[in-house]
Amino acid sequence: MAEDKQTRRRFIWLSGTATMAGLAGCSGGGGGGEAETTTADGGGGGGDTGGVPQEYATATSIGGVERNPEQLSTQDAVSYQEEPNEGQQCSNCRYYIEDKNGDGVGACAIVEGEIAPEAYCVSYVEYEG
């Protein structure tokens, strides 16, 4: 019985976290998401590009979403992980920006920093091209 309560609590907590992260990604920066956005260098480029090389700074994702370096969620805020989650991975997400410089990684229209194609985060939305 105690194990059921822990599982239920974890599910509720994860559901709430996923919902908030999804809303932060969809908010367009017009409200409560400012604490989760950044223009800091994520390790891949200058601070004004959202942590990616210049060719990604305002690139368009495979789903047609233009990247705005001033309105990005941090990787921590969206629970970014380097592995796929049940078949869901960045390379088939509508926000993914494919590799533009031959280094094997891309970027995201709504998350800072370089993004591995096999990675995953809670802002994942399947690309249906």
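**Exercise 1. The cores**

Which residues touch the most other members of the largest nonpolar core? Work on the predicted model.

*Solution.* Start with membership: the largest nonpolar core holds 17 residues. Then look at contacts within this core. Y80, Y95, C108, I110, V111 and I115 touch the most other members. Next, look outside this set. A second, separate core has five residues, among them V52, Y56, A59 and A107.

**Exercise 2. Positive phi at S79 and E86**

Locate S79 and E86, give their phi values, and classify their exposure.

*Solution.* Begin with the expectation. Most residues other than glycine have a negative phi.

Take S79. This residue is not a glycine, yet its phi is positive, about 55°. S79 sits in the loop between β2 (72-73) and β3 (96-97). Its relative accessible area is 36%. Partly exposed runs between the 20% and 50% limits, so S79 is partly exposed.

Now E86. Its phi is also positive, near 50°, and E86 is not a glycine either. E86 lies in the loop between β2 and β3. Its relative accessibility is 79%. Exposed means over 50%, so E86 counts as exposed.

**Exercise 3. The aromatic pair**

How many aromatic pairs does a search of the whole structure find? Classify the geometry, then decide whether Y120 and Y124 are buried or exposed.

*Solution.* The search finds one pair. Its partners are Y120 and Y124, 6.2 Å apart centre to centre. The planes stand at 40°. Stacked needs under 30 degrees and edge-to-face over 60, so this pair is tilted.

Finish with burial. The cut-off for buried is under 20%. Y120 has a relative accessible area of 12%, so Y120 is buried. Y124 is at 16% relative accessibility, so Y124 counts as buried too.

Conventions:
Residues numbered from 1 in each chain as written. Predicted model: local features only at pLDDT ≥ 70, side-chain atom pairs only at ≥ 80, totals over all residues. Heavy atoms only, no water. Core = buried A, V, L, I, M, F, W, Y, C linked by side-chain atoms within 4.5 Å. Buried < 20%, exposed > 50% of the residue type's maximum accessible area, 1.4 Å probe, protein only. Helix = DSSP H or I, 4+ residues; strand = E, 2+ residues; numbered from the N terminus. Phe/Tyr/Trp six-rings, centres within 6.5 Å; stacked < 30°, edge-to-face > 60°.
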